[in-house]
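Please walk through this protein with its sequence and structure side by side, following one charged side chain, then one helix, and finally the charged pairs.

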Amino acid sequence: MDLTITSQKKEEYLLIESKGSLKTKDDLLRHSQMIYEEIIKHDFHKILINEPETHFPLELFPYFNLVKEYIDNFPPEIRYLKIAVVVSGEYKQVAESWETLCVSRGLQYFVFTSFKEASNWLLG
């Protein structure tokens, strides 16, 4: 896994930027853990994750396990987070499947291919 994550406090939300390449379900889980560590470090409830330069696996199966990991192993407070994720258009289909899995389990995690649309939703 080759990944860089940075964060920046904005007035109303935490901006997290991710760049790199994720290839396996373990990479996806580590990526999620790194993002969660940034969230708890800064204690925001609205988060915009900008990662159009991050490459993801295109197979759907790892995302089922990933969302299960959120529910089973992350603190229950993750249910109170409102997260907008910006991805490259080539990952839109797999990201929408991830979004559906998250929403069906009570998480407010939504995917966009536009930073403007993501920030409008997050702050709206």
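Which backbone oxygen does the side chain of Lys82 reach? In this predicted model, the side chain of Lys82 reaches the backbone oxygen of Leu122, at 3.4 Å. Lys82 belongs to strand β4, which runs over residues 82-87, and although Lys82 is buried, it has no salt bridge, the nearest side chain of opposite charge being that of Glu12 at 9.4 Å. Apart from neighbours within four places in sequence, the residues in contact with Lys82 include His45, Ile47, Gln108 and Trp121.

Helix α2 (residues 61-73) offers a check on geometry: at 1.5 Å a residue, its 13 residues should span 18 Å, and this agrees with the 18 Å between its end C-alpha atoms. The buried residues of this helix are Pro62, Tyr63, Leu66, Val67 and Tyr70; because they cover an arc of only 135° around the axis, they lie on the same side of α2. These buried residues pack against α1, α3 and β5, whereas Phe61 and Asn73, on the other side of α2, are exposed.

Turning to charged pairs, a search of the whole structure finds four salt bridges. One of them joins Lys41 to Glu38, with the closest N and O atoms 2.9 Å apart; because these residues are three apart in helix α1, about one helical turn separates them. Lys41 counts as exposed because its relative accessibility is 56%, while Glu38, at 12%, is buried. Another salt bridge joins Glu96 and Lys92 at 3.8 Å, N to O, and both residues lie in helix α3, four residues apart, which is about one turn of the helix.

Definitions and conventions: Residues are numbered from 1 along each chain as its sequence is written. This is a predicted model: local features need pLDDT of at least 70, side-chain atom pairs count only at pLDDT 80 or more; totals for chains, interfaces and linings use all residues. Side-chain values use heavy atoms; hydrogens and water are left out. Helices (H or I, at least four residues) and strands (E, at least two) are DSSP runs, numbered from the N terminus. Buried means under 20% relative accessible area, exposed over 50%, partly exposed in between (1.4 Å probe, protein chains only). Lys and Arg count as positive and Asp and Glu as negative; His and the chain ends are not counted. A polar contact is a pair of N or O atoms within 3.5 Å; within protein, one must be able to donate a hydrogen and the other to accept it, and residues adjacent in sequence count only if both atoms are side-chain atoms. Contact means heavy atoms within 4.5 Å. The expected span of a helix is 1.5 Å times one less than its number of residues. The arc is that of the directions from the helix axis to the C-beta atoms.
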